[in-house]
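Thank you for making time for this. I would like to walk you through a structure that is new to most of us, taking it one part at a time.

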Amino acid sequence: MIEMQDVWKTYSNGTHALKGISVKIDRNEFVYLVGPSGAGKSTFMKLIYREEVPTKGQISVNGFNIGRLKQRKIPYVRRNIGVVFQDFRLLPKLNVYENVAFAMEVVEAPKKVIRKRVPEVLELVGLKNKATRDPSQLSGGEQQRVAIARAIVNNPSVIIADEPTGNLDPETSWGIMQLLDEINFRGTTIVMATHNKDIVNTMRKRVIAIEHGNIVRDEMRGEYGYEF
Ligand code: ADP
Ligand code: ADP
């Protein structure tokens, strides 16, 4: 479902962030991306959700060659990919319900569908009774649950998560991991960059390690493999 063939990314300042990556990620896999800071993990993910385009090589997501996508087709691809960030990135002036509903309004879902779907998703992430809170009234873990609700509300086939537990304490991080595991179990592919050694070594999944823009390791049920 996600396939990269000899993908290179060179930023305009000359930095070679990815240097000829080839990889296949199947439907319903859960993949950890590990590696030192600056290795190319975020760039790898940005190419998947089409925040960046490759300098060379091909990337297909669900059969679309997304590097060459016509401008008007980008929303269709984006709708099929949910993104979660380390710093949550909620809209501060909207409440929990509205933050999640907004993601459906953007893709012009019918009001009736939004009213049915948003409460379902808030229930799944355990925030049904906090729908009218503002993000500032929530803990970090709760804010990340809202961000995850927003990411899955349009039923994407892929979730991209860039260090989703990076700002959370260990216990809260485990709660977020259980939620992502449940979402994966229900049929969503997950690609998650992380520096959390405990999580990777305990909740064993496929591990792809990137260093200096190259894949240096790719193992099913792999280990974190670094001391930091
Ligand atoms: P990671 O997520 O593993 O920390 P990144 O993909 O963010 O790595 O970065 C890979 C390399 O590309 C780094 O050297 C980084 O400084 C560089 N880089 C990332 N984004 C940009 C950008 N927009 N412009 C120039 N260089 C960038
Ligand atoms: P509209 O007035 O645009 O049709 P809605 O009737 O769906 O919008 O909702 C109006 C506001 O009421 C929302 O922005 C939200 O803050 C709140 N709201 C709607 N449904 C719920 C719900 N199930 N739980 C919590 N708050 C809700």
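I will go through the two sheets and then the surroundings of the two ligands. Please keep in mind throughout that what you see is a predicted model.

Let me begin with the sheet of 6 strands, which is open and has its strands in the order β6-β7-β8-β3-β9-β10, with mixed pairing. The edge positions belong to β6, residues 81–85, and β10, residues 214–219, and because each of these has a single partner strand, one side of each is left without a neighbour in the sheet. On average, and ignoring direction, neighbouring strands in this sheet are turned by 15 degrees against each other.

If we look at one edge in detail, β6 runs parallel to β7, residues 158–162, and 5 bridges join the two strands. One place to find this pairing on the screen is Ile81, whose bridge partner in β7 is Val158.

Which strands of this sheet does helix α1 touch? The helix packs on the sheet with contacts to β3 (30–34), β6, β7, β8 (189–193) and β9 (206–211), and its direction makes about 150 degrees with that of β7. Another helix, α5, which covers residues 140–152, lies across β6 and β7 and runs at about 165 degrees to β6.

Now to the other sheet, which is built from 4 strands in the order β2-β1-β4-β5, again open, but with antiparallel pairing. Here β2 (16–25) and β5 (64–65) stand at the edges, and since each has a single partner strand, one side of each is without a neighbour in the sheet. Between β1, residues 2–10, and β2 there are 7 bridges in the antiparallel sense, and within that pairing Val7 stands opposite Ile21 of β2. Helix α1 comes up again here, as it lies across β1, β2 and β4 (56–61), running at about 60 degrees to β2.

That brings us to the ligands, starting with ligand 1. Its surroundings include Tyr11, Asn13, Thr15 and Ala17, together with residues from Pro36 to Thr43, among them Gly38, Ala39, Lys41 and Ser42. Helix α1, residues 41–48, contributes the largest share of this shell, with 3 residues. Sorted by class, the shell has 4 nonpolar, 7 polar and 1 charged residues.

How far from oxygen atoms of ligand 1 do the polar backbone atoms lie? For Gly38, a backbone N or O atom is 2.7 Å from an oxygen atom of the ligand; for Ala39, the distance to a polar backbone atom is 3.1 Å, and for Ser42 it is 2.7 Å. Taken alone, ligand 1 exposes 560 Å², of which the protein buries 64%.

Finally, ligand 2 is surrounded by Asn95, Tyr97, Glu98, Lys111, Arg115, Pro119, Ala131 and Thr132. Both α3 (96–106) and α4 (111–124) supply at least two residues of this shell, and α4 gives the most, with 3 residues. The shell divides into 3 nonpolar, 2 polar and 3 charged residues.

For this ligand, the contacts I can point to involve side chains: an oxygen atom of ligand 2 is 3.0 Å from a polar side-chain atom of Asn95, another such pair at 2.9 Å involves the side chain of Glu98, and the side chain of Arg115 has an N or O atom 2.6 Å from a ligand oxygen. On its own, ligand 2 has 550 Å² of accessible area, and the protein covers 48% of that.

Conventions
Residues numbered from 1 in each chain as written. Chains lettered and ligands numbered in written order. Predicted model: local features only at pLDDT ≥ 70, side-chain atom pairs only at ≥ 80, totals over all residues. Heavy atoms only, no water. Near = heavy atom within 4 Å. Polar contact = N/O pair within 3.5 Å; in protein donor to acceptor, adjacent residues only side chain to side chain. Areas by Shrake-Rupley, 256 points an atom, 1.4 Å probe, with all protein chains shown as cover. Nonpolar A, V, L, I, M, F, W, Y, C, P; charged D, E, K, R; others polar. Pairing = 2+ DSSP bridges. Axes fitted to C-alpha atoms, helices over the stretch in contact; angles between N-to-C directions. Contact = heavy atoms within 4.5 Å.
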